[in-house]
Amino acid sequence: MPMPRQSFNTYNHHPMLRQSFTIPYHHHQYHLLLSVLILLSFFSFSSTANNEVVTLYSWLHSSPSPSSSAFSNWNSSHPNPCNWPYITCSSENFVTEINIQSIELALPFPSNLSSLHFLQKLIVSGANLTGTIPPDIGYCTELTVIDVSSNSLVGTIPSSVGKLQNLKDLILNSNQLTGQIPAELGNCINLKNLIVFDNYLNGKLPVELGKLSSLEVIRVGGNKDIAGNIPDELGDCQNLKVLGLADTKISGSIPASLGKLSMLQTLSVYTTMLSGEIPPNICNCSELVNLFLYENDLSGSLPAELGKLQKLEKMLLWQNNFVGSIPEEIGNCKSLKIIDLAFNSLSGSIPRSFGNLSYLEELMLSNNNISGSIPSVLSNATNLLQLQLDTNQISGPIPAEIGMLTALTVFFAWQNKLEGSIPPALAGCRSLEALDLSHNALTGSLPPGLFQLQNLTKLLLIYNDISGSIPPEIGKCTSLIRLRLVNNRISGYIPKEIGLLNNLTYLDLSENHLAGSVPEEIGNCAELQMLNLSNNTLGGTLPSSLSALIRLQVLDVSINQFLGQIPGSFGKLTSLNKLILSRNSLSGSIPSLLGRCSGLQLLDLSNNALSGTIPAEIFEIEALDIALNLSSNELSGVIPSQISALDKLSILDLSHNKLEGDLMVLSGLINLVSLNISYNNFTGYLPDSKLFRQLSAAELAGNQGLCSRGHDACFLSNASSMTNSSGFRRSQNLRLAIGLLITLTIALAIFGAIAIFGARKIIRDDNDSEMGGDSWPWKFTPFQKLNFSVEQVLKCLVESNVIGKGCSGIVYRAELENGEVIAVKKLWPTTMAAGYNCQNVRTGINGALVDDGDFARSSNTVAGSYGYIAPEYGYMMKITEKSDVYSYGVVVLEVLTGKQPIDPTIPDGLHIVDWVRQRRGGVQVLDPSLCAQPESEIEEMLQTLGVALLCVNPAPDDRPTMKDVAAMLKEIRQEREGCMKVDTILNGSSASEKQENNRSGGGGGTSANAMMPHAYLQSNNTSFSASSLLYSSYSNVKTTFK
């Protein structure tokens, strides 16, 4: 080798060296060997550097897709990678750090990392890294940081990671990792941050984590199959600052050992299965800032010791089972910004000590059993942004001092027992955006100053006893979007200044004592979508200016005293889907121009004095599928043949008019479930259809020329009627034939009665206690075409076919003649009589069969589809609009959860409604395939879930109308980003930047995820709006920890 030889010769040609270092011959050999080793080491280091180039370059080109231009400087011919972007080297030119963030790589996890002997930091996050984490990562013993978060990694966390004793940060969150958290991590004695949230990990938390005395952060949330208890051993992690286990199946109680964590700042175990009480020694966590325990099954009373947490800023304990009073001691937590105790069973009064919380921004106490009055000292909490006290038992007047809260944006106190007048001082809340005081006993008049609030968008005062007139100052509140004053005693005129509200979309003044005419200026409310003036004493003519409201979807002026004709200009309202003008004194003809309302689904002109013929143009409205009610007028002429185009129409009422002709034009209305043609001048025969065969005598009464009901000969198909144009000329022959048939029928009936009596006696002796009677007088009204008859079903209702019994009846297995197997529920007569409102009152065969038994009120009708029918149908036997709302809610739940109403994957045989309620409507009920959508869309899904739960309220009166539902769904999208103005929790960014109108969620790493709103609401729909969903009882905290 030339180099050693030259070096050695140089050494030999220096006399001084020879003189100074005279050594024996064998020492010369040693020196030569040492020189060789040094040179070999040099070449080894050069080779190592070259190997690092090969390793990194090979990884970059391990995918056939072209690499990013950001890596154009990565060149395999370089002696080392130290000048490459994203690579850091030591002074000896060895790779110590790889740092690639938010660059689309779409590469597998680097292989052969063990060749990077000096690698200390591996950071490849947000790069769409794929594949698995190789076990040989355990040989990179110098690693202190592994951050491969926000990628697409699969597989398990290799146990070999436990060999990395220098490791401080293990950050694997937001991947698709599976398996358990390896117990070997307990060997990483220097580990500070264990962040693995939002994966698919399962199993229990390793107790070995308790050995990591340096551990500061544990974030395991969002792994929905992590189960078991919180290990007591975690109390030994004396440096722990963050414990995040949210959105998992963690269960059991909160271990008292957590009280030893004196450095703990965030305890985040929300949306899990925790039970038991909050241990009092939690007060020993003196550094605690964030306490997130909402959406659990915690119980007992709130420990007074919480008042010792002087640094506590956020206390989110909503949706648990806490009882007892709220401790006054909580008022000692001087740093508190958010208190959310909503959806519990707390009682007692609101602590006066809350007035001491000068930093308090949100006080959420909705849906509890809190009583007493609103303490006036709350006015001392001058930073208060949200005050939500709805759905409690709070009484007394609204303190005038609330008006001193100039920063207040939301004040909800609906569904309480408040009394007295609305204090004019509320006008001092100059930042107020939403005020809902519905469902109380408030009296007095509307304070004019309330309408001078320039930020007020929602004002809801439904169901109170407010009197007086609407002040003309209303025109100054141009920010108003929703105004609902339903069911009060408001009188006087509608002020013309209402026309100045150019942002108003929802105006509901129904059920008051308003008089006079509707001002023409209302046509200036160009954004109006819903106008309800029903149930007042308004009069005069309908203003033609209403036709300028081109966005109007619902117009309801029923039960008033309007006169004159229906303006033909209403035909311009092409967005209209409901037009309700019933119970007025309108006259003249039905304008044919209404046929231009192409979106109309419901038209109710009943109980007026309308005359003339029915315009054929009405039947050109293809969307008309809910109801057409023209009853109780003076309409004449024949039914236009064009009515057959309304093949989607469900309800048709033409009763109490002067219509004539035959009814064959109605034979094409195959979707009808309700028809009333009584008290007209109809003649001839009835169309031969199931609907007409099921009509009661009352629905046909008062038509003298109509064939008597009860004889088969009265039913003619449309084709038959065409061949029998001579009509009554042939009726004589028919009558003769009918007479002969009657005689023969009587004879057969005698023998038939004997046979039936014998058969029924056998059935009664065998099954009378369950069949509930000895006759089968069933009326069957399906909502869809069926390929079997009710008789086939009834034959299967025998003891041998019983497959279950519930609180409302017996479920049978029915095998039909076509081989199809269905389930049928026969409701208990006692359930019917008691009006039992049981969620299990659901249909079997596209509906519910109700045997009248001893309960004469039952109408023995079946309607609806299995799993979708409203529970009240079981005892009311009546389909209403609110029944449809319930069915719609079930459909929405079906879409969002990916489950059928009766789904075999739902535990315990629960209906989807009960299952979602049991799971409290949180993000865990969403279809997993939807959870990959962007956070903003998931927020909308959960808010929509809340709307669906309102739709399936067991009480029909508490369900919203479909118009309300449509408005709420629209507002969810429109207002998601703009309705809240509260800072986020941890990073201090503005609410407008973080979409502050939702509640729960989980942050992560450097970019926290948005919180999800808890969707389970128990409000009364008449007070509810989309704004209630966005504001009500949901903390605006965004960046909680998983």
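**Cys82 and its partner**

I started at Cys82, which has 17% relative accessibility and so counts as buried, the limit being under 20%. I kept in mind that this is a predicted model. Next I looked up what Cys82 is bonded to: Cys82 and Cys89 form a disulfide, and I read 2.3 Å between their sulfur atoms. I then checked the hand of the link between Cys82 and Cys89, and with -95 degrees about the S-S bond it comes out left-handed.

**Other cysteines**

How many disulfides does a search of the whole structure find? I got two. Besides the Cys82 pair, I found that Cys707 and Cys714 form a disulfide, with sulfur atoms 1.9 Å apart. The torsion about the S-S bond of Cys707 and Cys714 is about -65 degrees, so I noted this disulfide as left-handed.

I also looked at how open this second pair is. Cys707 has 23% relative accessibility, so I put it down as partly exposed. Cys714 is at 2%, so it goes down as buried.

Two further cysteines went into the notebook. Cys188 sits at 0% relative accessibility and is therefore buried. Cys951 is also listed at 0%, so I have it as buried.

**The parallel sheet**

I turned to a sheet and traced its strand order. Six strands make an open sheet, running β37-β39-β41-β43-β45-β47, with parallel pairing. Which strands are at the edges? I have β37 (587-589) and β47 (705-706), each of which pairs on one side only.

I followed the β47 end a bit further. Strand β45, residues 681-684, pairs with β47 in the parallel sense, over two bridges. For the register, I noted that Gly684 stands opposite Leu706 in β47.

**Positive phi outside glycine**

I picked out Ser174, whose phi is near 60 degrees, a positive value in a residue other than glycine. Ser174 lies in the loop between β5 (169-171) and β6 (193-195). With 23% relative accessibility, Ser174 counts as partly exposed.

Asp247 is another non-glycine residue with positive phi, near 60 degrees. I located Asp247 in the loop between β10 (242-244) and β11 (249-252). Is Asp247 buried or exposed? I have Asp247 as buried, with a relative accessible area of 7%.

**Nonpolar cores**

Last stop was the largest nonpolar core, which has 194 residues. I asked which members touch the most other members, and the list is Ile98, Leu267, Leu293, Phe411, Leu628, Leu652 and Leu666. Then I checked which elements feed this core: α3 (25-60), β1 (87-89), β2 (95-101), β3 (121-125) and α4 (690-694) each supply at least two residues. The most comes from α3, which gives four residues.

I took Ile98 from that list for a closer look at its contacts. Setting aside neighbours within four places in sequence, I found Ile98 in contact with Leu56, Tyr86, Ile87, Leu116, Leu119, Lys121, Leu122, Ile123 and Val124.

Apart from the largest core lies another one, of 22 residues. I jotted down some of its members, among them Tyr886, Val925, Leu945 and Val952.

Technical notes. Residues numbered from 1 in each chain as written. Predicted model: local features only at pLDDT ≥ 70, side-chain atom pairs only at ≥ 80, totals over all residues. Heavy atoms only, no water. Disulfide = S-S within 2.5 Å. Buried < 20%, exposed > 50% of the residue type's maximum accessible area, 1.4 Å probe, protein only. Pairing = 2+ DSSP bridges. Core = buried A, V, L, I, M, F, W, Y, C linked by side-chain atoms within 4.5 Å. Contact = heavy atoms within 4.5 Å.
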